[in-house]
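Biologist: I am new to this structure and would like a close look at a single part, the way two of its helices pack. Please take me through that part slowly, and then go on to what lies beyond it.

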Amino acid sequence: MSKCYRLSPVGRRDNLLMIIVAMILWIFAVWSIASTLQLRLHPAVFWSDLQRVFIQPPTIEQAVPALLMLVLIVATPLMIWNLIAEWDATFRLTNEGLEYQTLGFRLCYHWHNILAIQPQSTADEAVAIVCRYDPVDALKNPLRRWLHQQMHGRQRLLIGPGIERRAELLQAIEQAMVAAQSSTTQQPPVYR
C-alpha cells in the first residue's frame, strides 16, 4: 500500500511561476520601502540611514506605504517557503497512515488519528485532513514546527489542488480512515 503522490507537472509550473512572482514582489517591496524612506541599500550607509529614520520619523505620507511594504517584506518569504514546501511535498500511503514528507522532514498521520477530510468535494481548492493530535509536535526544530503549522494550521494537513491523482489519494485516505475508525469501535471493551 505504498503509493506516492506529488505535485503534477502543471502544478509544478504554476508553483514555479508563483515563486518567481513572489520573489519579484519581495524585491519591489524592498526597493519601494528604501525609496519611500530615502534609505540607501549599500551596507556601509544603510544603518546610518535607518538611524536617521528613527531620529526623524517619517511623515504620514511616507509611513503608510512603508508599513505596507514592511508587511510584504516579512510575509513574502513565508509565502515562498510555503510554495517551496508544496513543490517538494510527497504524500505516501502506508499501512500505518498517510506519510507527508517535504524539505527534509517526514511526518506520519496515522489512520486512527485522522478524523475528517474537509471540504469533501472540491476540485480547485486545498483539502484539509483534520487530526485528533498534531504529529508536527514530534519535530524537534521549533522553526520547522512553526513554519509547518503556519502553512497547514494546527492538527491539519493540507492537500493542494495541484497534487497529481488527488481524487484517488483522497478516496484512499477516506477508505483507510473509515476502516481504522470501524476497527476501533468494533473492539470489545476491556474490563479490569
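Modeller: A crossing of two helices is called left-handed if the near helix is turned anticlockwise from the far one by less than a right angle, and right-handed if clockwise. With that in hand, and keeping in mind that this is a predicted model, we can turn to helix H1, which covers residues 9–36, and helix H3, which covers residues 60–88. The crossing of H1 and H3 is left-handed. Two packed helices are described by the angle between their axes and the distance between the axes. For H1 and H3 the angle is about 155 degrees, and the axes lie 8 Å apart. Because angles over 145 degrees count as roughly antiparallel, H1 and H3 are roughly antiparallel to each other.

From the helix pair we can move to the nonpolar cores. The largest nonpolar core has 32 residues, and those that touch the most other members are Phe91, Leu98, Ile129, Ile159, Leu169 and Ile173. Helix H5, spanning residues 166–185, gives this core its largest share, with 7 residues. Leu169 shows how such contacts are made up: leaving aside residues up to four places away in sequence, Leu169 touches Tyr5, Phe91, Leu93, Leu98, Ile159 and Ile163. There is also a second, separate core of 10 residues, with Val30, Ile33, Ala34 and Ala66 among its members.

Next comes Glu164, which is placed in the loop between strand S7 (156–159) and H5. Glu164 is partly exposed, its relative accessible area being 35%. When residues up to four places away in sequence are not counted, Glu164 touches Tyr5, Arg6, Leu7, Ser8 and Pro9. Although Glu164 and Pro9 are 155 residues apart along the chain, their C-alpha atoms are separated by 8.2 Å.

The cysteines complete the tour. A search of the whole structure finds 0 disulfides, and a disulfide would need a pair of cysteine sulfur atoms within 2.5 Å. The closest cysteine sulfur to that of Cys108 belongs to Cys131 and is 10 Å away, which is too far for a bond. Cys131 is likewise in no disulfide, the nearest cysteine sulfur being that of Cys108. As for their surroundings, Cys108 is partly exposed, with a relative accessible area of 24%, whereas Cys131 is buried, with a relative accessible area of 3%.

Terms used:
Residues are numbered from 1 along each chain as its sequence is written. This is a predicted model: local features need pLDDT of at least 70, side-chain atom pairs count only at pLDDT 80 or more; totals for chains, interfaces and linings use all residues. Side-chain values use heavy atoms; hydrogens and water are left out. Buried means under 20% relative accessible area, exposed over 50%, partly exposed in between (1.4 Å probe, protein chains only). A nonpolar core is a set of buried Ala, Val, Leu, Ile, Met, Phe, Trp, Tyr and Cys residues joined through side-chain atoms within 4.5 Å. Helices (H or I, at least four residues) and strands (E, at least two) are DSSP runs, numbered from the N terminus. Contact means heavy atoms within 4.5 Å. Axes are lines fitted to C-alpha atoms, for helices over the stretch in contact, and angles run from 0 to 180 degrees between N-to-C directions. Angles under 35 degrees count as roughly parallel, over 145 as roughly antiparallel, 65 to 115 as roughly perpendicular and the rest as oblique.
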